[in-house]
Amino acid sequence: MSMRHSAASSPSDDDRAAFAEDVAHSLTRSPRQLPSRYLYDELGSALFEAICRLQWYRVATTEQSLLSAHAAAIFSRLSPISTVVELGPGSGEKLVTLLAARPERDVTVHLVDVSPAALDQAASVLAARSSLTVIAHQATYEAGLSAVGRSSDGAGQTLVVFLGSNIGNFDPPATDVFLRGARAAVREGDALLLGTDLVKPEAELLLAYDDPLGVTAAFNRNLLVRVNRELGGDFNVREFSHRAVWNAPASRVEMHLVSRSRQRVQVPASRIDITFDAGESIWTESSYKYRVDDLAPVLDRAGFRVTGQWQEAGFAVTLAEAR
Ligand code: AVI
């Protein structure tokens, strides 16, 4: 494998300034929020990998099983591919499983993620397990997709892979914007492989997002540790509890950090000086859950036609072609 990074791996002053501005804006909204993309510093990425091994969070293992079972069927529905773009590659294991069934040997893989820790891990897993040219882009999905679009040689089809229910972290308007952006970045006949978690009984959903080992709680509370470290905040992390909520009308699991007491918090880099009431919460993440019948219309609106769908244990992998 050969690997290139398109950006350095330590947070730049620009990254820190953007984080400070996002915290300033979101923590002073009503309800108070913190953007979920900041959950993934080095420790956050490691905690997320641990979540994916939990018996209660079945997204990763179910998707892995679906890909093992159906990778050959997925490739049988594609024209020869020369480029694969994975957005948010996680550990890299899913792509290894998928690409093991590829008929073409010469494929360039582009990995796109804002987290250098996640990119490094995925790239080394691909390095150890396959013979591919891998290019890592430390970038947002949109910026990564357009960089790949500009560098694409036009030799074969491009497959964009967006797995792990990552799309579930977008609200419906952002989902439309994201899918339209993905469609604009590829050519007619290119393809998208999408992994989505499905609506299931509430108890099952809550166990997945509030596990008995407290790993998800640590993942959530680490966001406050990050604010303290990078922005000079003084959050008393022990004074915030993790809470997962199933919001049925909106079809999403929400993660919150709930203040255990009335307390003052300052974040100098964000010019924040606020007082939390006991019970007041910071909304840190939404995880939208789909019904299978919803997927074709959502994809269709963005210019993709569903060409295959595989389901197992409340999870779906959907293949769609750019019209
Ligand atoms: C990355 N993302 C799809 C995960 C999810 O299920 O929303 C993040 C996560 N949050 C809590 N557990 C896992």
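Start by selecting Ser115 and Asp113: the backbone nitrogen of Ser115 lies 2.9 Å from a polar atom of the Asp113 side chain. Keep in mind as you click around that this is a predicted model.

**Stop 1: Asp113**

Stay on Asp113 and colour by secondary structure. Asp113 lies in strand S3, which covers residues 108–113. Now, what is the nearest side chain of opposite charge to Asp113? Select Lys94, and you'll find it 8.9 Å away. Asp113 is buried yet has no salt bridge. A salt bridge here needs a Lys or Arg side-chain nitrogen within 4 Å of a carboxyl oxygen, so Lys94 at 8.9 Å doesn't qualify. To see what does surround Asp113, show its contacts beyond four places in sequence: Gly88, Pro89, Ala118, Leu119, His137, Gln138 and Ala139.

**Stop 2: Ring to ring to ring**

Next, select Tyr141, Phe162 and Phe178, and show them as sticks. A pair of aromatic rings is described by the distance of the centres and the angle of the planes. For Tyr141 and Phe162 the centres are 5.1 Å apart and the planes sit at 75°, so this pair is edge-to-face. Tyr141 is in helix H6 (residues 141–151) and Phe162 in strand S5 (residues 157–162), so the pair ties together parts 21 residues apart in sequence. Are these two buried or exposed? Both Tyr141 and Phe162 are buried.

Swing round to the other partner of Phe162. The ring centres of Phe162 and Phe178 are 4.6 Å apart with planes at 35°, so call this pair tilted. Phe178 belongs to helix H7 (residues 172–185) and Phe162 to strand S5, so here the pair ties together parts 16 residues apart in sequence. Phe162 and Phe178 are both buried.

In total the model has 15 aromatic pairs. For another group, select Tyr40, Phe48, Tyr57, Tyr209 and Phe219, which ring pairs link into a cluster.

**Stop 3: Arginines over rings**

Select Arg32 with Phe276: Arg32 lies over the face of the ring, 5.2 Å from its centre. Then try Arg226 with Phe19, where Arg226 lies over the ring face at 4.9 Å from the centre. Remember Arg226, as we'll come back to it.

**Stop 4: Ser165**

Jump to Ser165, in the loop between S5 and H7. Ser165 has 5% relative accessibility, so it counts as buried. Who are the neighbours? Leaving out residues up to four places away in sequence, Ser165 touches Val59, Glu63, Gly195, Thr196, Asp197, Lys289 and Phe315.

**Stop 5: Backbone oddities**

Turn the backbone on for this one. Ser30 and Pro31 are joined by a cis peptide bond, with omega about 0°. Pro31 is in the loop between helix H1 (13–27) and helix H2 (42–51).

Then go to Ser251, which isn't a glycine but has a positive phi of about 55°. You'll find Ser251 in the loop between strand S7 (240–247) and strand S8 (252–259), and it is buried at 12% relative accessible area.

Arg271 also has a positive phi of about 55° without being a glycine. Arg271 is in the loop between strand S9 (263–267) and strand S10 (272–276). Buried or exposed? At 61% relative accessibility, Arg271 counts as exposed.

**Stop 6: Salt bridges**

Side chains of opposite charge can pair when their charged atoms come close. The count for this model is 17 salt bridges.

Keep Arg271 selected and add Glu21: their side chains meet in a salt bridge at 3.5 Å, N to O. Arg271 is in the S9–S10 loop and Glu21 in helix H1, so the pair ties together parts 250 residues apart in sequence. Glu21 is partly exposed, at 42%.

Now look along H1 for Arg16 and Asp13, which form a salt bridge at 3.9 Å. Both lie in helix H1, 3 residues apart, about one turn. Arg16 is partly exposed at 31%, while Asp13 is exposed at 62%.

Next up is Arg37 with Asp22, whose closest N and O atoms are 2.8 Å apart in a salt bridge. This pair links Arg37, in the loop between H1 and H2, to Asp22 in helix H1, 15 residues apart. Arg37 is partly exposed at 47%, and Asp22 is partly exposed at 23%.

For the last selection, pick Asp41, Arg226, Arg229 and Glu230: salt bridges that share partners join these into one network. And there's Arg226 again, the residue lying over the face of Phe19.

Note on methods
Residues are numbered from 1 along each chain as its sequence is written. This is a predicted model: local features need pLDDT of at least 70, side-chain atom pairs count only at pLDDT 80 or more; totals for chains, interfaces and linings use all residues. Side-chain values use heavy atoms; hydrogens and water are left out. Rings of Phe, Tyr and Trp (its six-membered ring) pair if their centres lie within 6.5 Å; planes under 30 degrees apart count as stacked, over 60 as edge-to-face and the rest as tilted. Helices (H or I, at least four residues) and strands (E, at least two) are DSSP runs, numbered from the N terminus. Buried means under 20% relative accessible area, exposed over 50%, partly exposed in between (1.4 Å probe, protein chains only). A charge sits over a ring if NZ of Lys or CZ of Arg is within 6 Å of the ring centre and within 35 degrees of the ring normal. Lys and Arg count as positive and Asp and Glu as negative; His and the chain ends are not counted. A polar contact is a pair of N or O atoms within 3.5 Å; within protein, one must be able to donate a hydrogen and the other to accept it, and residues adjacent in sequence count only if both atoms are side-chain atoms. Contact means heavy atoms within 4.5 Å.
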